[in-house]
Each structure stands twice: as C-alpha cells, then as structure tokens.
Amino acid sequence: MTRPAMTGPVDDVLWSAIGDPTRRQLIDLLLAAGSATSTSLSERLPVTRQAVAKHLAVLDRAGLVHGQTAGRERHYRIDEEQLARALAQLDAVSTAWDGRLRRIKRLAEALQDERGSAARSRKDRP
C-alpha cells in the first residue's frame, strides 16, 4: 500500500513550538500587533512576563519569531516565511489525512456491504 507523499518533511521542532496553546496565543497577538515586547504581551495573557519570555525563546528557536533589541527592550515579530512554511506543512498533513480517511471510509462501506449481503443470503436460505 502506498502512502501519499507530503511536500516535504514535517519539522518536529516547529510543530512542537506551535503545539502549545500559550505560544499559539503569542503568535496571534504578534500577528495582530506586528511586533511587541514580552512585557506588553504578558499584559494580554494570564502568564508572567518571564513565562512569556520563555515561550518566545521556544518560538525563536523554531524560527517563528525573531527578537530585536531596542534599548532595554527586545521587540519580537513573526517570521512570515517560517509561518508560511508551517501552514504549507499543515496543508500537506491535512491532504494526506483526507486521503487516508477516504480510504478508511471506502473500506468500512465495503465491509458493511459484505455483511449486508451475507445477512441477506442467510435469510434467503430454506
């Protein structure tokens, strides 16, 4: 049985970073604001500034955000190219799973048809 190919390897570091709900909120906030500091982001989330800084460090290692120091603060912004890469991977995974689910549905329907035919055959016997 062949498996549908995805357009490229799935980046586990990237998806591990995106897998956390707080980090997804940070991505949403940065997309809306354009750029922000860990302090300004922590004011909009139910976590401390230190926790936000740690989450931003994970996102930075995954290449999803980049920080630039300005004075005493570090301003973070989304790396749109890396985010687009993540979306392309998600689309590839979605397409692959759609194909798998269609095959499962066909198998289940075929099994159901076989069982229905077998049950009708038993009823038709004298």
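This note sets out numbered points on the fold, sheet, helix packing and core of the structure above.

1. Basis of the model. The structure is a predicted model, in which local features need pLDDT of at least 70, side-chain atom pairs count only at pLDDT 80 or more, and totals for chains, interfaces and linings use all residues. Residues are numbered from 1 along each chain as its sequence is written, and side-chain values use heavy atoms, with hydrogens and water left out.

2. Overall composition. Five helices and three strands make up the secondary structure of the chain; helices (H or I, at least four residues) and strands (E, at least two) are DSSP runs, numbered from the N terminus. Read from the N terminus, the order of elements is α-α-β-α-α-β-β-α.

3. Burial and surface. Of the 126 residues of the chain, 26% are buried, where buried means under 20% relative accessible area, exposed over 50%, and partly exposed in between (1.4 Å probe, protein chains only). The exposed area of the chain is about 9,100 Å², with 53% of it supplied by carbon and sulfur atoms. Accessible areas come from the Shrake-Rupley method with a 1.4 Å probe, and for residues only the protein chains shown count as cover.

4. Contact range. Among contacts in the chain with a separation of 6 or more, 56% are between residues 24 or more positions apart; contact means heavy atoms within 4.5 Å.

5. The sheet. Three strands form an open sheet in the order β1-β3-β2, with antiparallel pairing. Because β1 and β2 stand at the edges, each with a single partner strand, one side of each has no neighbour in the sheet. Two strands pair if DSSP finds at least two bridges between them.

6. Strand pairing. Strand β1 (residues 36–37) is joined to β3 (residues 73–78) by two bridges: Ala36 has Tyr76 as its partner, and Thr37 has His75. Strand β2 (residues 65–70) is joined to β3 by six bridges, including those of Gln68 with His75 and of His66 with Arg77. His75 is thus the β3 partner of both Thr37 and Gln68. In the β2 and β3 hairpin, two residues lie between the strands, and Gly71 takes a positive phi near 70°.

7. Helix α2 and its neighbours. The axes of α2 and α4 come within 10 Å and cross at roughly 85°. Axes are lines fitted to C-alpha atoms, for helices over the stretch in contact, and angles run from 0 to 180 degrees between N-to-C directions. The crossing makes α2 roughly perpendicular to α4 (under 35 degrees counts as roughly parallel, over 145 as roughly antiparallel, 65 to 115 as roughly perpendicular, the rest as oblique). Thr22, Arg23, Leu26, Ile27 and Leu30 of α2 meet Val52, His55, Leu56, Val58 and Leu59 of α4. Helix α2 also packs on the sheet, touching β1, β2 and β3, and its direction makes about 90° with that of β3.

8. Thr22. This residue lies in α2 and is buried, at 18% relative accessible area. Thr22 touches Val47 and His55, not counting residues up to four places away in sequence.

9. The nonpolar core. In the largest nonpolar core, of 20 residues, Leu26, Leu30, Leu41, Leu56, Leu59 and Leu64 touch the most other members. Such a core is a set of buried Ala, Val, Leu, Ile, Met, Phe, Trp, Tyr and Cys residues joined through side-chain atoms within 4.5 Å. At least two residues of this core come from each of α1 (12–18), α2 (21–33), α4 (49–61), β3 and α5 (80–124), and α2 gives the most, with four.

10. Leu64. Not counting residues up to four places away in sequence, Leu64 touches Leu14, Ala17, Ile18, Ile27, Leu59, Arg77, Ile78, Asp79, Gln82 and Leu83.
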